[in-house]
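Open the model in your viewer and keep the selection box at hand. The tour below goes from stop to stop.

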Amino acid sequence: MKIFLDSADLNEVQAAAGWGVISGVTTNPTLLAKAEARDFKEVVAKICRLVPGGPISAEVISNDTAGMVQEARELAAIDPQVVIKIPVTPAGLAAVKQLAAEGIRTNVTLVFSTAQAILAAAAGATFVSPFIGRLDDIGQNGLGVVQEIVTVMNTYNYPTEVIAASIRHPQHVVGAALAGAHIATVPFKVLRQLFEHPLTAQGIERFQADWEALQDIK
Ligand code: G3P
């Protein structure tokens, strides 16, 4: 499973890229607002340079197909790495179909059911993003939905890749991997948490202390 960073914060993208573990980035209007990304296209271009070759998702905000397609063309012109994030609505999937014909990659977002993911794949989505955390928040089983979507994509050999999104903690990442998701898009805080284990910290401390003791013996 690949790991993407779910962030529009350039400092976070730079740090995570430096750790060598991310191969793409997803953004959305909320993340761009949080990062105070006033020149949104410039921020997307910078993210592309920080994660060379990786898919970088940028979301459209129009509600109609023509508006989404127009926005998508403008975003795709920023860099070939840009993938267009489009909500799973009838207008959105019509846009996905048109963009697929133009060779523009899409990430169908705000997916909360297997039925929605099937529609996204049928329209030719490159990626589909089920939101785990938001499903858990309303008492549903987010990882269960990811598992079902992966099963359907594999059963019918859809080329659509599943991005497990709305990840809130490390167990969501592990669960997404066990469910067979192609990608997990992970907030910076959770990515940092993935490294952590008390025995790793204790082990480093112990190795350092023993190494220093060895220097004293010499
Ligand atoms: O990028 C979409 C998704 O990951 C949003 O997550 O935490 O706002 O539900 P969250």
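Where does the ligand sit? The ligand sits in the largest pocket. Keep in mind throughout that this is a predicted model.

**The whole protein**

Zoom out before going to the ligand. Show the chain as a cartoon and find 11 helices and eight strands. The C-alpha trace spans about 75 × 35 × 30 Å along its principal axes. Colour by burial if your viewer allows it: of the 218 residues, 45% count as buried.

**The ligand and its shell**

Now select the ligand, then the residues around it: Asp6, Asn28, Lys85, Phe131, Arg134, Ala165, Ser166 and Arg168. Colour this shell by character. The shell divides into two nonpolar, two polar and four charged residues.

Next, turn on distances to the ligand. Start with Asn28: an N or O atom of its side chain is 3.1 Å from an oxygen atom of the ligand. Move to Arg168, where an N or O atom of the side chain is 2.8 Å from a ligand oxygen. Then pick Ser166, which places a polar side-chain atom 2.7 Å from an oxygen atom of the ligand. Show the surface as well. Taken alone, the ligand exposes 310 Å², and the protein buries 82% of that.

**Ser166**

Stay on Ser166. Where is Ser166 placed? Ser166 is in the loop between strand E7 (161-164) and helix H9 (170-179). Is Ser166 buried or exposed? Ser166 counts as buried, because its relative accessibility is 9%, and the limit for buried is under 20%.

Two more distances are worth drawing here. A polar atom of the Ser166 side chain lies 3.1 Å from the backbone nitrogen of Arg134. The side chains of Ser166 and Arg168 are joined by a polar contact of 3.2 Å. Both Arg134 and Arg168 are among the residues around the ligand.

Check the backbone too. Ser166 has a positive phi of about 55 degrees, although it is not a glycine. Most residues other than glycine have a negative phi.

**Two more positive phi values**

Jump to Leu110, in strand E5 (residues 106-111). Leu110 is not a glycine, yet has a positive phi of about 60 degrees. With 32% relative accessibility, Leu110 counts as partly exposed.

Then select Gly20. Gly20 comes just after H1 and takes a positive phi of about 80 degrees.

**The start of helix H1**

Walk back along H1 to its N-terminal end. Which residue caps the N-terminal end of helix H1 (residues 10-18)? Asp9 does, with a side-chain oxygen 2.8 Å from the backbone nitrogen of Asn11. Asp9 lies in the loop between strand E1 (2-6) and H1. Asp9 is partly exposed, because its relative accessible area is 27%, which falls between the 20% and 50% limits.

Now add Val43 to the selection. Asp9 and Val43 are 34 residues apart in sequence. Their C-alpha atoms are 8.6 Å apart in space.

**Along helix H4**

Select helix H4, residues 65-76. Begin with Thr65, which is found in this helix. Thr65 counts as buried, because its relative accessibility is 18%. Draw a distance from the Thr65 side chain: one of its polar atoms lies 2.9 Å from the backbone oxygen of Ala91.

Slide along to Glu74, also placed in helix H4. Glu74 counts as partly exposed, at 37% relative accessibility. Then add Ala213 and zoom out. Glu74 and Ala213 are 139 residues apart in sequence, and their C-alpha atoms are 61 Å apart.

Step off the helix to Ala77. Ala77 is in the loop between H4 and strand E4 (82-87). Is Ala77 buried or exposed? Ala77 is exposed, because its relative accessible area is 64%, and exposed means over 50%.

For the last pair, select Ala77 with Ile104. These residues are 27 apart in sequence. In space, the distance is 9.9 Å, C-alpha to C-alpha.

How values were computed. Residues numbered from 1 in each chain as written. Predicted model: local features only at pLDDT ≥ 70, side-chain atom pairs only at ≥ 80, totals over all residues. Heavy atoms only, no water. Near = heavy atom within 4 Å. Polar contact = N/O pair within 3.5 Å; in protein donor to acceptor, adjacent residues only side chain to side chain. Areas by Shrake-Rupley, 256 points an atom, 1.4 Å probe, with all protein chains shown as cover. 1 Å grid on protein atoms, 1.4 Å probe; cavity = no way out; pocket = protein on both sides within 12 Å on 5 of 7 lines; lining within 4 Å. Sits in = over half its atoms within 2 Å of the grid points. Nonpolar A, V, L, I, M, F, W, Y, C, P; charged D, E, K, R; others polar. Helix = DSSP H or I, 4+ residues; strand = E, 2+ residues; numbered from the N terminus. Buried < 20%, exposed > 50% of the residue type's maximum accessible area, 1.4 Å probe, protein only.
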